[in-house]
Amino acid sequence: MNFKAVAVILAGGRGERFGGGVPKQFVDVQGKMIVEMAVDTFERCERIDEIVLVFPAGWIEFADNLRVRNGWKKVIKVIEGGKTRQESSFKGISAIDDEEAYVLIHDGARPFVSEEVINRVIDKLESGASAVITGVPSTDTVVRIEDGGIVGEVLDRNKIWLVQTPQGFLLSVIRKAHKLAVQEGVEDVSDDGGLVLRSGVAEVVVVEGDRKNVKITFREDLGMSL
Ligand code: CTP
Ligand code: MG
């Protein structure tokens, strides 16, 4: 059985590492704001039915203006984010009233997401997966560092993937994972797939993301993507 697909776009952060006068998701790139570029792609994607936007406190009216200006018809709710990404994500999924749905959670700081990646995630959900992350194999070697800058372990590069968003879930699964985390006092997991994994609620599978789908974290990330 297939469900409605709802995108939750997380733009509730403050962009502290990026710096500047406004949160990074509101910075213009190629004539559009980073978050507008992300929302545009979900709005355009035929298989996405609805969009929930999570914006920082004080930016809700601004979000409504963006919705009108861009003619976003799928944006059904704009809600205020929380203190951590985990909290913003929980608030976002809690705004969905359906009993069951496919939920695609996406970082509003990833403007270069493509319809291909979104469709890949939905395909995987429709084929029966309940938790799907996107990622790319690491091209760099990754090491684990111990206290004092000592290299503890060189990880096997062939098994290391870098995780991206969107990530797709059955609504019931991601809801349960978030509730368990709150009950256990876990408050700052930066990745929804990681929440499902730690909860043991469902198996988490990976599908191919896109090297172009970078998260803008530092100013340098924009330089590389232009
Ligand atoms: N995010 C959110 N609510 C928060 C924190 C983050 O919705 N309380 C969102 C960000 O807006 C971003 C995504 O989660 O789209 C990934 O987070 P990150 O890259 O860490 O963004 P910021 O938290 O804004 O940046 P920083 O950590 O440098 O302050
Ligand atoms: Mg952050």
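1. Let's start with a charged pair. In this predicted model, Glu-16 and Arg-14 form a salt bridge, and their closest N and O atoms sit 2.4 Å apart. Where do the two partners lie, buried or exposed? Glu-16 is exposed, at 60% relative accessible area, and Arg-14 is exposed too, at 62%. If you wonder what brings such residues together, side chains of opposite charge can pair when their charged atoms come close.

2. That pair has company: searching the whole structure turns up 16 salt bridges. One of them joins Lys-32 to Asp-40, with 2.9 Å between the closest N and O atoms. Have a look at how these two partners are covered. Lys-32 is partly exposed, with a relative accessible area of 27%. Asp-40 has a relative accessible area of 18%, so it counts as buried, the cut-off being under 20%.

3. Next, find Arg-47 and Glu-126, whose side chains meet in a salt bridge at 3.1 Å, N to O. This one ties together distant parts of the chain, since the two residues are 79 residues apart. Arg-47 is in the loop between helix 1 (34–44) and strand 4 (50–55), while Glu-126 belongs to helix 4 (residues 115–126). Both ends have some access to the outside: Arg-47 is partly exposed at 28%, and Glu-126 is partly exposed at 35%. There is also a network to trace on screen, in which Arg-85, Asp-107, Arg-110 and Asp-192 are joined by salt bridges that share partners.

4. Now for the inside. How many residues does the largest nonpolar core have? It has 52, and the ones with the most contacts inside it are Val-8, Phe-42, Ile-48, Ile-51 and Leu-53. Strand 1 (residues 5–10) gives the most to this core, with 6 residues. Val-8 is a good one to click on. Setting aside neighbours within four places in sequence, Val-8 is in contact with Val-52 and Val-54, with Gly-92, Ile-93 and Ile-96, and with Val-103, Leu-104, Ile-105 and His-106. Apart from the largest core lies another one, of 8 residues, and Phe-18, Val-27, Ile-34 and Met-37 are among them.

5. Helix 5 deserves its own visit. It runs over residues 171–183, which makes 13 residues, and it reaches 18 Å from its first C-alpha to its last, close to the 18 Å expected at 1.5 Å a residue. Which residues of helix 5 are buried? They are Leu-171, Val-173, Ile-174, Ala-177, His-178 and Ala-181. Those buried residues pack against two helices, helix 3 (85–94) and helix 6 (192–199), and against two strands, strand 6 (102–107) and strand 10 (161–170). Just after helix 5 comes Gly-185, which takes a positive phi of about 75°.

6. Finally, check the outside for nonpolar side chains. Val-143, Ile-145, Val-151 and Val-154 make a nonpolar surface patch of about 330 Å². Strand 8 (143–146) and strand 9 (150–154) are the elements that give two or more residues to it. Val-154 is found in strand 9. Why does Val-154 count as exposed? Its relative accessibility is 53%, and exposed means over 50%.

Definitions and conventions: Residues numbered from 1 in each chain as written. Chains lettered and ligands numbered in written order. Predicted model: local features only at pLDDT ≥ 70, side-chain atom pairs only at ≥ 80, totals over all residues. Heavy atoms only, no water. Helix = DSSP H or I, 4+ residues; strand = E, 2+ residues; numbered from the N terminus. Expected span 1.5 Å × (residues − 1). Buried < 20%, exposed > 50% of the residue type's maximum accessible area, 1.4 Å probe, protein only. Contact = heavy atoms within 4.5 Å. Salt bridge = Lys/Arg side-chain N within 4 Å of Asp/Glu carboxyl O. Core = buried A, V, L, I, M, F, W, Y, C linked by side-chain atoms within 4.5 Å. Patch = residues over 30% accessible without salt bridge, like charges linked within 9 Å, V, L, I, M, F, W, Y side chains within 5 Å. Areas by Shrake-Rupley, 256 points an atom, 1.4 Å probe, with all protein chains shown as cover.
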